[in-house]
Amino acid sequence: MSIEQYGYKKADTIDCGTGIPARVTAVHRSHFEIVCDWGTGLARLKMGEYYGGNENVPATGDFVLVNWQEGSESLILKTLPRKTYFARLDPSSSGYGEQAIAANFDYVFIMQALDRDFNPRRLERYLTLAWQSGATPAVILTKADEAKDPAVHVLAAEKIAAGVDVYAVSAKTGQGISELSKYMKPGRTTVFLGSSGVGKSTLVNALAGEAIMETGAIREKDGRGRHTTSHRQLILLKDGAIIIDTPGMRELGMWDVSEGLGQSFADVEQYLGRCRFNDCRHQSEPGCAVKAAIQSSELPAKRWESYLKLLTEARFADDKAGYLKEKRQWHKSISKMQKSGRNADYRIEPCMETFTCRACGRLISPEDAGSSHRNHCPHCLTSIHADNQPGDRASLCKGRMEPVSVWVKKNGEWAIIHKCRSCGTLSSNRIAADDNMYLLMEIAMKPLHAPLCRPGEAEEEGTRSAESAAKANSRCQVCGSPVNLDGEKRRHCPGCLSGVHTDEDRPGDGASLCRGVLEPVGVWARDDGRWEIIHRCRSCGTLSSDPVAAADNTTLLLSIAMRPLASPPFPLWQLRKEPAD
């Protein structure tokens with residue numbers, strides 16, 4: 001056995017003194033598995049060197065100097081300089097420490113499964129940290145045999161991972177495995193990263209040509225993987241290639257991504273510095289290159305939002321005290337703004353000024369609202385998706401916010417649901433006393449003009465639901481009823497029409513971290529006549545929409561659509577159509 005087989009190069013040898021070079025192959029709390037020219041064994045840290053803060057605590061893949069003890073615990077004296085290093089924010093440190101994942105690798109395999117795990121936002125996080133590590137990333141989409149069209153997911157990943165190779169593979173059928181051979185070279189190290197259940201250990205076995213790692217099936221209840229790999233482990237394959245297999249990571253916080261963020265979001269940062277003003281905040285300033293790119297669809301709004309979110313996390317990790325101080329000052333400025341009544345931020349407080357609607361051109365006065373709330377035109381019920389302008393909602397895209405539905409709050413009050421024509425964002429706004437009653441009722445009744453279930457289809461619908469339940473392979477996390485996947489990603493339960501607001505593409509989930517229940521509050525009919533369910537998160541209040549599926553509960557859908565008609569906010573005899581100007 002030679003340490004050079006494990007990637008050590010004698011050209012990099014430093015003055016070892018009394019120690020000999022070794023490589024860490026696994027970490028177990030206070031003990032480390034090592035390999036060197038003398039064999040393999042366990043080792044512990046030399047307390048005087050490491051616990052005084054003079055040395056980096058070794059991670060899997062690190063090269064170290066050890067005082068070798070045959071048949072006993074060796075002593076790790078020093079951690080040699082790292083070529084590459086992957087770390088994340090330690091979930092147990094409350095945001096004040098990093099967690100080492102692996103070191104001294106040449107390639108990073110970012111793995112996502114095509115059955116239920118594919119998540120573009122999570123992929124952005126992995127790419128940012130992978131570029132920061134200094135190694136070459138590659139995106140591996142596993143379980144390609146379980147996807148209807150893997151090419152669609154490959155294209156989506158390529159848009160996010162510009163300049164990064166993307167592969168769709170299947171360890172079960174062997175699809176795409178041979179394309180990874182260019183990474184499996186003697187002395188080269190590749191680290192496998194991804195969530196539980198994406199098939200990291202299975203791919204290790206496929207590349208090794210034998211079962212050297214324990215594998216397990218995902219849980220059918222929620223589609224999550226089981227932790228068959230409990231620690232990070234370095235493996236030497238027969239062909240000389242080296243792999244670091246890691247446990248699944250459910251949290252991936254940013255830690256020191258000053259370089260990785262720029263490489264992962266190069267398509268976003270190309271617009272920074274092009275604005276008219278050097279201190280542009282990319283909010284309401286004129287001549288903003290970022291806003292212009294979003295409005296012209298050159299830059300997707302979700303991509304910009306992801307960049308801002310990761311940038312905020314990175315700033316917190318770099319300077320926690322400065323970040324918290326800035327946040328407190330921001331909250332104070334909002335408080336002063338609300339007290340002064342000047343320069344109001346209409347994202348936070350209602351409009352109390354006279355303005356001209358930019359959709360229908362009418363003059364709007366706040367005196368007629370009958371309440372202290374005004375964020376839309378009372379005539380056409382629309383607003384502009386912008387910042388800090390009377391009658392506007394909060395976004396950078398400046399698209400038209402059209403009224404698509406109404407929903408009834410628990411106190412019986414109606415609220416209008418707006419959908420941005422440009423970016424698709426949904427928002428809710430209370431109705432005012434002078435709102436166009438005729439148009440409100442027309443919006444509420446629009447889905448009923450083209451009923452979802454026509455006469456004679458009820459029995460067929462019941463048959464579809466029964467067939468779906470028979471083929472179900474998951475259960476709703478709200479009511480526990482079966483959820484039929486049938487090759488599609490379902491965002492809600494067909495029985496109760498609810499979902500769970502989480503951050504993973506699992507059955508019945510939306511995209512957030514709050515894990516609140518997504519309640520169906522309304523429906524709206526698209527221009528093509530298809531219905532969509534509007535969900536509102538019980539915890540954070542976020543609105544989202546999801547197309548109605550064939551097996552959905554028709555009775556409940558119609559009940560939701562008719563809720564506004566059961567408790568109108570005005571006497572029906574007052575309904576009248578506003579005269580056109």
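Where is the place of His282? His282 sits in the loop between α6 (266-269) and α7 (289-295), and that loop is a good place to begin a tour of this predicted model.

## The loop between α6 and α7

UniProt, in an unreviewed entry, lists Cys275, Cys280, His282 and Cys288 under "binding site". Two of these residues can be followed more closely here. His282 has a relative accessible area of 14%, under the 20% cut-off, so it counts as buried.

Cys288 lies in the loop between α6 and α7 as well. Its relative accessibility is 5%, and therefore Cys288 is also classed as buried. Setting aside neighbours within four places in sequence, Cys288 is in contact with Cys275, Cys280 and His282. These contact partners are among the residues in the UniProt "binding site" record.

## Two buried residues of helix α8

Next comes helix α8, which spans residues 301-318 and holds Arg303. Is Arg303 buried or exposed? It is buried, because its relative accessibility is 6%. Its side chain makes a polar contact with the side chain of Glu124 at 2.8 Å, and it also reaches the backbone oxygen of Ile160 at 3.3 Å. Not counting residues up to four places away in sequence, Arg303 touches Glu124, Ile160, Ser264, Phe265, Asp267 and Val268.

Ser306 is another residue of α8, and with a relative accessible area of 10% it is buried. Beyond its neighbours within four places in sequence, Ser306 is in contact with Arg121, Glu124 and Phe265. Glu124 and Phe265 also appear among the residues that Arg303 touches. For a view of the fold, take Ser306 and Arg125: they are 181 residues apart in sequence, while their C-alpha atoms are 9.1 Å apart in space.

## Strand β11 and its partners

Strand β11 covers residues 189-194, and six of its six residues are buried. In a regular strand, side chains alternate between the two faces of the sheet. For β11 both faces are covered: Thr189, Val191 and Leu193 are buried on one side, and Thr190, Phe192 and Gly194 are buried on the other.

Which strands pair with β11? Strand β8 (residues 107-113) runs parallel to β11 and is joined to it by five bridges; here Val108 stands opposite Val191. Strand β13 (residues 242-245) also pairs with β11 in the parallel sense, over four bridges, and Phe192 stands opposite Asp245 in β13.

## Helix α10, with a kink

Helix α10 runs over residues 437-449, which makes 13 residues. From its first C-alpha to its last it reaches 18 Å, close to the 18 Å expected at 1.5 Å a residue. Even so, α10 has a kink of about 30 degrees at Ile443, shortly before the proline Pro447. At the start of the helix, a side-chain oxygen of Asn436 comes to within 3.2 Å of the backbone nitrogen of Tyr438.

The buried residues of α10 are Met437, Leu439, Leu440, Met441, Ile443, Ala444 and Pro447. Both Ile443, where the kink lies, and Pro447 are therefore on the buried list. An α-helix has 3.6 residues a turn, so residues three or four places apart point the same way. What do the buried residues of α10 pack against? Their partners are the strands β18 (400-408), β19 (414-420), β25 (517-525) and β26 (531-537), together with helix α12 (554-566).

Technical notes
Residues are numbered from 1 along each chain as its sequence is written. This is a predicted model: local features need pLDDT of at least 70, side-chain atom pairs count only at pLDDT 80 or more; totals for chains, interfaces and linings use all residues. Side-chain values use heavy atoms; hydrogens and water are left out. Helices (H or I, at least four residues) and strands (E, at least two) are DSSP runs, numbered from the N terminus. The expected span of a helix is 1.5 Å times one less than its number of residues. The bend at a residue is the angle between axes fitted to the seven residues ending there and the seven starting there. Buried means under 20% relative accessible area, exposed over 50%, partly exposed in between (1.4 Å probe, protein chains only). Contact means heavy atoms within 4.5 Å. A polar contact is a pair of N or O atoms within 3.5 Å; within protein, one must be able to donate a hydrogen and the other to accept it, and residues adjacent in sequence count only if both atoms are side-chain atoms. UniProt positions are given in the numbering used here, feature names are shortened, and annotations may be inferred rather than shown by experiment. Two strands pair if DSSP finds at least two bridges between them.
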